[in-house]
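Thank you for letting me take this slot. I would like us to walk through one chain together, slowly, so please keep the sequence and the picture in view while I talk.

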Amino acid sequence: MPDSIKAYEQKHLDDVVAKVKVAEEDAKQRIDVAENDEAGIRKNFVNDLRIKTDSYEGLLETALSVRQQQQMLAERQNSWQHATTELSTLQRLEKKAYFARIDFQEGPTAKTESIYIGLGSFSDTPDHFLIYDWRAPISSIYYDGELGDVSYQTPDGEQTVNVQLKRQFQIEDGTIVTLYDTDQTVTDQMLLSALSEHSDTKMKSIVTTIQKEQNQIIRDTKSDLLFVQGAAGSGKTAAILQRVAFLLYRYRGHLNAGQVMLFSPNQLFNDYIDQVLPELGEHNMVQMTYYQYAGRRLPKIDVETLAQRFDESNTPAQKKINQLKGSLAFFDAVTGYADHLESADMVFRNIKFKGQVFIDKAKIQDIYYSFNRNYHLGNRLQATKEALIRILNRRISSEMKTKWVEETIQDLSKQELDSLYGDEPREFESSEKEMQFLSRKVVMKAFEPIRKAIVRARFLSINNQYVHMLRDIPNRLELRDYGISMADWQASVEESITKLKDHRMQLVDTTPYLYLYDKMTGKDGERDMRYVFIDEIQDYNAFQLAFLKFSFPRARFTMLGDLNQAIFTKENSRTLLQELSTMFDPDKTRVVQLTQSYRSTQQVTDFTKHILKNGEAVTAFAREGELPTVTVANDEAGALKKVIAQVQKNEADQETTAIIGKDLADCRALTDQLKAAGASVTLIQSENQRLAPGTIVVPSFLAKGLEFDAIIVWQASASRYAAEDERQLLYTICSRAMHRLSLVAVGEVSPLLSDVPAEEYTVI
Ligand SMILES: Nc1ncnc2c1ncn2[C@@H]1O[C@H](COP(=O)(O)OP(=O)(O)OP(=O)(O)O)[C@@H](O)[C@H]1O
């Protein structure tokens with residue numbers, strides 16, 4: 001690239017930065033003005049406000065003036081907010097104004113235009129954009145096409161332009177470090193340098209190097225279901241975070257971050273990605289694990305944790321039952337059962353008062369089923385509550401005459417009496433009237449728990465209903481079709497009952513339980529949620545997905561996953577895709593496959609993909625690195641020595657390292673041994689822990705979605721990984737490595753590695 005071009009571009013950059021600085025000053029002034037105004041309003045507010053409470057007009061006047069002041073404050077707050085956001089974008093632009101330039105013509109006779117693309121828009125006069133936001137429609141041509149005719153989507157339809165130049169910049173602190181002209185989507189050079197960086201405990205945004213296939217995911221606005229099957233490290237997570245930023249920009253004013261929700265695999269992962277959106281100048285979306293989402297609604301039940309679920313060893317019969325409980329057929333069966341409750345079989349509980357039956361369950365049942373067939377579960381319940389409240393109100397008068405009421409009044413202290421009188425005048429026509437007044441108050445107070453119980457529908461019993469439903473399932477589904485015998489089913493119902501009595505529940509029961517509860521109480525989901533993202537979709541079952549669709553009826557779904565990494569659902573994940581396809585309109589479903597893996601070096605990707613059999617396609621990105629190493633020690637002590645030596649080597653090379661063990665027990669034992677040998681490592685044992693800098697030891701099921709410079713697989717031995725259905729697990733572990741992968745086995749190496757060609761690793 002001739003120096004004259006670099007000089008020209010640096011001058012252009014200097015001009016833009018100078019204008020950015022002017023705008024920064026302007027924004028700062030606006031912030032000052034807003035702050036001063038606000039302080040002024042608050043001060044005057046106290047001085048000006050005369051509280052008039054002696055007449056109705058006076059009260060109204062006071063209220064109006066308070067309201068006016070509040071409005072003025074809100075306006076200042078708004079302009080303060082606006083100027084502050086603008087300032088933070090400008091400060092970012094001052095350092096790195098843009099990363100690309102595109103020259104294009106809108107038609108053969110049109111004049112050539114140049115635009116610069118950066119993290120945010122900037123214009124010096126309205127309509128004169130010096131920088132375009134990377135999410136603007138026109139910016140799409142940078143990611144999407146090559147030179148020549150390129151089309152892009154605008155809100156008014158498709159546009160085609162002729163692209164003549166694509167220039168990329170690496171800018172640091174207002175100085176151009178390098179620039180390249182390219183005819184490819186994004187030069188490999190830029191991507192290579194992005195990928196060669198060391199890993200961090202926080203994920204970074206990929207704005208400058210988004211790839212064409214990723215851009216399709218980011219900018220999709222049409223699909224109700226966008227399903228992304230992407231190899232490990234293909235940028236699924238990176239792309240969806242960019243997508244959230246894109247959507248927030250595209251629908252600014254109509255969509256806020258609170259209407260976007262991401263279901264992530266674990267809390268560590270939440271921590272790992274929480275800087276990406278703020279870095280892009282956006283607020284984080286709502287982020288939760290499915291476990292948190294379900295658990296939050298079941299505060300009194302201990303739902304099985306990730307670690308427990310991972311350690312679960314089920315009999316073949318239990319596996320089949322779990323499979324059934326996670327299927328769409330089961331979802332339909334629960335739906336059918338719930339609909340049937342409109343005409344029969346709802347289980348009720350007596351409403352009690354002072355240990356006695358107050359309203360009998362048979363009576364409640366009569367009321368519940370007295371409404372005509374047009375009443376569905378929701379309004380049937382509402383109408384029942386209203387009827388019960390009426391009964392309660394009628395019972396007040398009769399209860400007032402009972403002995404306990406009279407006794408209670410006699411025993412009242414002065415303080416209690418005062419609180420019963422409240423602010424009401426204490427003049428009564430007669431002592432009888434006064435007694436009546438007090439009796440009513442006493443009874444109403446005593447009835448308060450009953451009123452609450454009615455309003456909260458405590459006369460329903462979700463636990464009993466759930467058990468009733470489980471017992472009824474053989475009437476709704478042909479168990480034999482699922483390879484389940486009647487005896488096995490009954491045994492599993494008994495087990496669920498035992499657990500429920502003990503306030504425990506398996507994850508596989510949680511969703512049907514919540515779904516049944518929502519149906520019984522007529523809930524129809526959170527209508528405000530507009531975009532739901534589900535990462536690591538292969539760990540969900542169809543029932544959960546159907547439930548999420550039911551729970552967010554107006555949302556569009558983006559589901560991402562890698563069937564190669566199905567560590568919980570294993571082979572069942574393949575049927576998930578089929579089941580999903582029946583849940584959404586095929587015309588509004590888009591499936592995108594990402595096969596290129598960006599995370600790892602070619603050597604690591606080649607090695608890991610040989611662990612899989614009939615796996616989904618994975619292509620290595622041509623980034624050179626060292627071969628993975630495999631060490632087989634005779635005993636644990638020998639293996640431990642190898643691990644310590646490897647950690648020391650990694651530390652010397654400044655490679656952040658995670659040692660991944662199969663389960664928590666292995667990881668605990670290893671951490672103790674490493675610490676005893678003087679190594680400094682942090683054990684991550686629960687998903688609620690934070691990612692620590694330095695070397696960590698982490699069990700496989702918590703390493704999902706994360707990445708590290710170097711991975712040491714602890715106990716890559718035949719004793720740990722032998723079963724065919726553990727291939728995905730071993731693959732998931734190994735594919736966390738960016739640059740360096742070391743496997744350490746004791747005794748005999750895992751047979752799951754037998755298909756890896758000998759030239760793809762070094763034995764040490
Ligand atoms: N276009 C890109 N430019 C630069 N880096 C990228 C790009 N795409 C992906 N990466 C990087 O590749 C790594 C893997 O990406 P990410 O974690 O999003 O993959 P994933 O598909 O979610 O992986 P997994 O399924 O294994 O968790 C990250 O470090 C990410 O920043």
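Let me begin with one residue, E25, and ask whether E25 counts as buried or exposed. E25 has 11 C-beta neighbours inside 10 Å, and because a residue with 12 or fewer such neighbours is called exposed, E25 counts as exposed. This glutamate sits in helix α1, which covers residues 3-48. If you then look for L87, you will see that E25 and L87 are 62 residues apart in sequence, while their C-alpha atoms are 8.7 Å apart in space. I should say at once that what we are looking at is a predicted model, so everything I quote this morning is computed from that model.

Now let us step back to the whole chain. The chain has 764 residues, of which 37% are buried, and it contains 26 helices and 26 strands. Along its principal axes, the C-alpha trace spans about 105 × 75 × 55 Å. If we take the contacts with a separation of 6 or more, 75% of them are between residues 24 or more positions apart. The domain assignment gives domain 1 as residues 1-95, domain 2 as residues 351-456 and domain 3 as residues 602-763, and the C-alpha centres of domain 2 and domain 3 lie 65 Å apart.

Next, please turn to the first of two sheets I want to show. How many strands form it, and in what order do they come? There are 6 strands in this open sheet, ordered β10-β9-β15-β16-β8-β17, and the pairing is parallel. At its edges are β10, residues 286-288, and β17, residues 589-594, each of which pairs on one side only. Neighbouring strands here are turned by 15° against each other on average, if we ignore direction. As an example of the pairing, β8 (residues 225-230) and β16 (residues 556-561) are joined in the parallel sense over 5 bridges, and within that pair V228 has L560 in β16 as its bridge partner. Helix α6 packs on this sheet, touching β8, β9, β15, β16 and β17, and its direction makes about 160° with that of β16.

Helix α6, residues 236-250, also brings us to the ligand, since α6 and α4 (188-195) each supply at least two residues of the shell around the ligand. Which residues come nearest to the ligand? Of the 22 residues around the ligand, the nearest are T209, A232, G235, K236 and T237. By character, the shell divides into 8 nonpolar, 10 polar and 4 charged residues.

The other sheet is an open one of 7 strands, again with parallel pairing, in the order β22-β23-β21-β24-β25-β20-β26. Why is one side of β22 and of β26 left without a neighbour in the sheet? The reason is that β22 (682-683) and β26 (762-763) stand at the edges, each with a single partner strand. For β22 that pairing is with β23, by 2 parallel bridges, and L683 has V697 in β23 as its bridge partner.

Let us follow strand β21, residues 657-661, where 5 of 5 residues are buried. T657, I659 and G661 point one way from β21, whereas A658 and I660 point the other way, and all are buried. On one pairing, β21 meets β24 (residues 708-714) in the parallel sense over 4 bridges, with T657 standing opposite A710. In another, β21 pairs with β23 (residues 696-699), also parallel and over 4 bridges, and there I660 has V698 as its bridge partner.

Moving on along the order, β24 and β25 pair in the parallel sense over 6 bridges, with F708 partnered by A737 in β25. Strand β25 is mostly covered, since 10 of its 10 residues are buried, and β25 also pairs with β20 over 5 parallel bridges, where V632 stands opposite A745.

Finally, two helices lie across these strands. Helix α24, residues 636-652, lies across β20, β21, β24 and β25, running at about 165° to β25. Helix α25, residues 664-676, lies across β21, β22, β23 and β24, and runs at about 160° to β23. That is where I will stop, and I am glad to go back to any part of the picture.

Technical notes: Residues numbered from 1 in each chain as written. Predicted model: local features only at pLDDT ≥ 70, side-chain atom pairs only at ≥ 80, totals over all residues. Near = placed C-beta within 6 Å. Nonpolar A, V, L, I, M, F, W, Y, C, P; charged D, E, K, R; others polar. Buried ≥ 20, exposed ≤ 12 C-beta atoms within 10 Å, placed from the backbone. Pairing = 2+ DSSP bridges. Domains from an automatic or database assignment. Contact = placed C-beta atoms within 7 Å. Axes fitted to C-alpha atoms, helices over the stretch in contact; angles between N-to-C directions.
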